[in-house]
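Let's take a friendly walk through this protein complex, one place at a time. Keep the viewer open as you read.

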Amino acid sequence: MATLGQRRATIVAMEENTLAILDSAEAKDTQDANDDRIAYLNAVRLASILADSPSPPTNKMAEAVFQILRVGKSLESIMESFRLLNELENCYPPAYVSNMDTSGSPILVVVEEAWSPFGFGSDVARSGKEPAAEIPLGPIDASGFHLLIQGLVEVADEANFQALDLKAIRRMLLFQYIVNALKGDFVPRNCVYKDTMNWNLLRESLLNMLLGSRRIIYKNLMKDCLSIMCGFQISNNFECSENPEAASGDDTALAIAVLEARKSTCIAMQKLLTIIMELDMSKNKAEMQGCTTRADGVRTPLVEIILDELTYDQDMLSQFLQNHLQVFTEPKWKLEIILRYFSKYTAKPSVHTRRSNGCTDDVTFNGVLRRLMDSTSSRNIIKKISTEVVQLLVAHAFQAHLSRSCQNFDGINDSDEVKATPLTEICKNLVSAFRSLRRMDEKMDILPFAKEALFTAATILSPKS
Amino acid sequence: MDGPLDFEDEDALFSPPVVPKKRKKIIGLDDLLTDFYREKSKCLERESKREKAPQKDNSDDDEDDKEALVCKAVDECQKQMTELIGEEEISMWGIRLFGDQKTPPPLIFPELRSSLLLQSFMENELSTLVELPIETGEVFLESLLLNGWLSKLIISCGHLEKSIASWTFNMILYSSREELRASACDLWHLVLSSKAEVASVPIKIDWFPGYSELRRALETYGFLFSFSSTTESVDTNSACQKPSQNIKAWVEISAACCQARSKKPIFSTSEAEELVQFIICLFLDRQLMGLQLLFYECTQSVINYFTDEEWTISSKRIAKSLAFRVPMDLNCLRAVECISGVGPRSKGLRSAVAYEVLCNCLNCKAANEEEILSLLISINVKDRSCDLFKMYIYLVLTENWLMSTTLLEEKPVLYEMWSVYLRNCSCQITSTDMRSYAPKVRNKASYLLQGTIK
């Protein structure tokens, strides 16, 4: 058995030896330097993942891989470093749930010495200094993260999105990796939190530290995130017009890579928004139990921000309906957002307090459908929201409900309305709701998306042949 | 050529075992050294001349002429040198995998109109509310698919009928619309991955895709099933054929089919073996680099498709046929290095492929491990005619073959031989060696040598 000292010496030797591969590559953009970077990535992969007895990369080694992703000069080195970072994250998760506790309840294991791409060390609002235009190298802090998001807004807004650019790919992959890292840290913490109600676990999560940082303006950050989702979706829709100019192989390679990166960035953004909403929910629970302190600060839940945007900005609403609900396929939160939106217009006039708007126990999809079936209350709703919007919201809510019940078959779901109400009842009520809308307005056109919803409901109801 | 002199320390460290060899070949080494120094001084001369060149503008013409002469001479020397070495300085992996695309089959499915799904709805009283003309049934189904209703409907009803199954599958393979391909892929993925034992209604699937369809699609995309030499490799400026847009969906559906083995074994063992090879080949096309994450996932799915018994035989067969398929240049290294993943299967396959390619390179039949290593040791890297590019390939292949197995621990002989081989490569190539792959071989070997010290 090697002693601890010996092992440390071997690790140091391995680190120096591996990093030496990069020595001559130093920021050069030659084929040789590029080869060296690829060789380095392969060496790290072989030593830390594929070897017979792999050992995790040291912090310096991981940092160097991260650097290649951030300043990589070739598509190959960017793609390879991105893949390696994610593989390492999977192999050596910095936080995970363990069931080793004697009582049998899950405990959180945090690997303190694990390398992290983040550095939220000093959380002082940057004063005086001009905000940097580029994300500074080194660990990402909250302002760096916001810069990254703003960079993505640019990428998403790009009118000619086939302006092929390695920088755009770097940004998108960096973002995806960052989201993976945030999620990898948050999910086990939230899982143990649900079991133990120990808010400290989540308070120390990277996501909570990031969102609570005074270096960023949280609401702007969230709005930027929403606009990225819209932007990507719009341009992804009219893609595929073959680009005849991209004649050379390298351009084709870049074009294919950009397209793919945009798709996966959209998915990553959805993941980010979902974990933020999960965090909000847990925080709300902790607040109600009085576990939070003033130091935790007040942060508007993301769902509220989305709803505000929808209420005050009609353009946003139609955009949201057309794009977000299409993009945002995570059914649980999709349903939640729609139900909250309805509840704004259907809830009994009651005193609205910050604490109380977190619970939507009284609003269920079936409840909304019942209100629409009733002619007086549905007339009230139509007055406030147009029939078109109602149709779309109901159809989308139905889709989310269906997805959840499909997931239910796979046993992923936890208990809630989806289990409580049989699908056939929902389908019946959906049809009746549309009939009642039709009764109120004979000339009402049923929108194509709503037709599809009705078709689906009718087919589910029809007796099996 | 490259700056760091760290390696001199290693040379000192490892000189003892090499001493006897040095003694034997002492004359040859000296000759080589003088050769190298001669060449090096020529190079230095040329470089210094070049540096001076801009300043020369306003000086004597005589000097210019002289310089031009010398430069010409040096250039010629340089040319001869590269010819001697026979290597291009810059070589990259990359193969053109796709040739001319064929016309895809027409995507017309008249039988869709008579599908149960549409028919049963027509009898429904609701059809008056939705006003769905049967003529536009196909268009309507398309938007059901696009908006994600169709998959939910199929799972909720527990039935995927034949017409819809083959229609969506053909969309994946041949549709020119990305959203349609993606939605159809999602549908198949959901249907194939939903677990029958948990579902209240197990999904009845009337029609399964088969390997022949997948293979035919590859043919339509213009996939070159046998690509031979490096002559067709990366030629970035020629008007090259673009790979089909459908390749992404093709890879995704292949992966989904593999994941559904518990439902139905869609591929036979030999078909799955071929599939692994095709997907590994896809890594070799530089144009598809942006999709490599998908390829990795797909490789994993196909590798895990095999049962344990099948895998022991199949992995060897895959390795053997891949070794024949890939060209023996940087492409074979790329092929080996793209097989990654944590599981024992991918580690094993990586090692096996590296071993088979190495056997092919060395042209030895029925060799055992020791024979291969002794063959490698017997190569004299100091010999000018020794192809260091090939040495580099051997070295990386050997590394990949040995490092992800327990071979080195099980067989001390192999471990010893591996160390000797590494020492040969790192100590016998000097840092002044001008051959193009000299620093690469030397650095790689000394890096690995450091790793072997325990």
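In this predicted model, a good place to begin is A:Phe118, which sits in the loop between strand E2 (107-110) and helix H5 (142-157) of chain A. Is A:Phe118 buried or exposed? With a relative accessible area of 9%, A:Phe118 falls under the 20% cut-off and is therefore buried. Leaving aside residues up to four places away in sequence, A:Phe118 touches A:Pro139, A:Ile140, A:Ile178, A:Ala181, A:Leu182 and A:Leu206. For a sense of distance, take A:Leu226: this residue lies 108 residues from A:Phe118 in sequence, and the two are 23 Å apart in space, C-alpha to C-alpha.

Staying in chain A, look next at A:Met197, in the loop between helix H6 (166-196) and helix H7 (199-203) of chain A. The phi of A:Met197 is near 60 degrees, a positive value in a residue other than glycine. A:Met197 is partly exposed, with a relative accessible area of 26%.

Now step back to see the two chains side by side.

| Chain | Residues | Share buried | Helices and strands | Contacts joining residues at least 24 apart, among those at least 6 apart in sequence |
|---|---|---|---|---|
| Chain A | 465 residues | 55% | 19 helices, two strands | 73% |
| Chain B | 454 residues | 52% | 21 helices, two strands | 77% |

How far can you trust the picture? For the complex, the predictor gives an ipTM of 0.88 and a pTM of 0.85. Chain B has an average pLDDT of 80, and 77% of the residues score at least 70. Which helix of chain B has the lowest confidence, and which the highest? The lowest is helix H1 (residues 6-24) of chain B, at a mean of 39, while helix H12 (residues 269-282) of chain B is the highest, at 96. Residues 1-27 of chain B stay under 50 in pLDDT, and the model has 24 contacts for them beyond four places in sequence. Residues 52-57 of chain B are also below 50, and this stretch has four contacts in the model beyond near neighbours in sequence. Where pLDDT is low, the predicted coordinates should not be read in detail.

Within chain B, helix H6 (residues 137-146) is worth a look. Its buried residues are B:Gly137, B:Phe140, B:Leu141, B:Leu144 and B:Leu145. Why do these residues lie on the same side of H6(B)? They cover an arc of only 140 degrees around the axis, which puts them on one and the same side of the helix. An α-helix has 3.6 residues a turn, so residues three or four places apart point the same way. The cover over the buried residues of H6(B) draws on both chains: it includes helix H19 (448-461) of chain A, along with helix H4 (116-122), helix H7 (149-157), helix H8 (162-174) and helix H9 (178-193) of chain B. After H6(B) comes B:Gly148, with a positive phi near 85 degrees.

One residue of helix H8 of chain B is B:Ser163. B:Ser163 is buried, with a relative accessible area of 11%. Not counting residues up to four places away in sequence, B:Ser163 touches B:Glu111, B:Leu112 and B:Ser115.

H8 of chain B also helps to cover the buried residues of H10(B), as do helix H11 (247-259) and H12 of chain B. In helix H10 (residues 211-220) of chain B, the buried residues are B:Tyr211, B:Leu214, B:Ala217, B:Leu218 and B:Thr220. Just after H10(B), B:Gly222 has a positive phi of about 85 degrees.

Finally, turn to the second largest pocket, with a volume of about 1700 Å³. Its lining has 49 residues, and the closest to its centre are A:Met14, A:Ala47, A:Ser53, A:Pro54 and A:Ser55. Which helix gives the most to this lining? That is H1(A), with eight residues. Helices that each supply at least two lining residues include helix H1 (4-20) and helix H2 (31-50) of chain A, and helix H18 (388-403) and helix H21 (438-452) of chain B. By type, the lining residues divide into 29 nonpolar, 13 polar and seven charged.

How values were computed:
Residues are numbered from 1 along each chain as its sequence is written. Chains are lettered from A and ligands numbered from 1 in the order in which they are written. This is a predicted model: local features need pLDDT of at least 70, side-chain atom pairs count only at pLDDT 80 or more; totals for chains, interfaces and linings use all residues. Side-chain values use heavy atoms; hydrogens and water are left out. Buried means under 20% relative accessible area, exposed over 50%, partly exposed in between (1.4 Å probe, protein chains only). Helices (H or I, at least four residues) and strands (E, at least two) are DSSP runs, numbered from the N terminus. The arc is that of the directions from the helix axis to the C-beta atoms. Contact means heavy atoms within 4.5 Å. pLDDT is the predictor's confidence in each residue, from 0 to 100. On a 1 Å grid over the protein atoms alone, a cavity is a set of points where a 1.4 Å probe fits but cannot get out, and a pocket is an open set with protein on both sides within 12 Å along at least five of seven lines; lining residues have an atom within 4 Å of a point. Grid points are joined across faces, edges and corners, and a volume is the space filled by probe spheres set on the points. Ala, Val, Leu, Ile, Met, Phe, Trp, Tyr, Cys and Pro count as nonpolar, Asp, Glu, Lys and Arg as charged, and the others, Gly among them, as polar.
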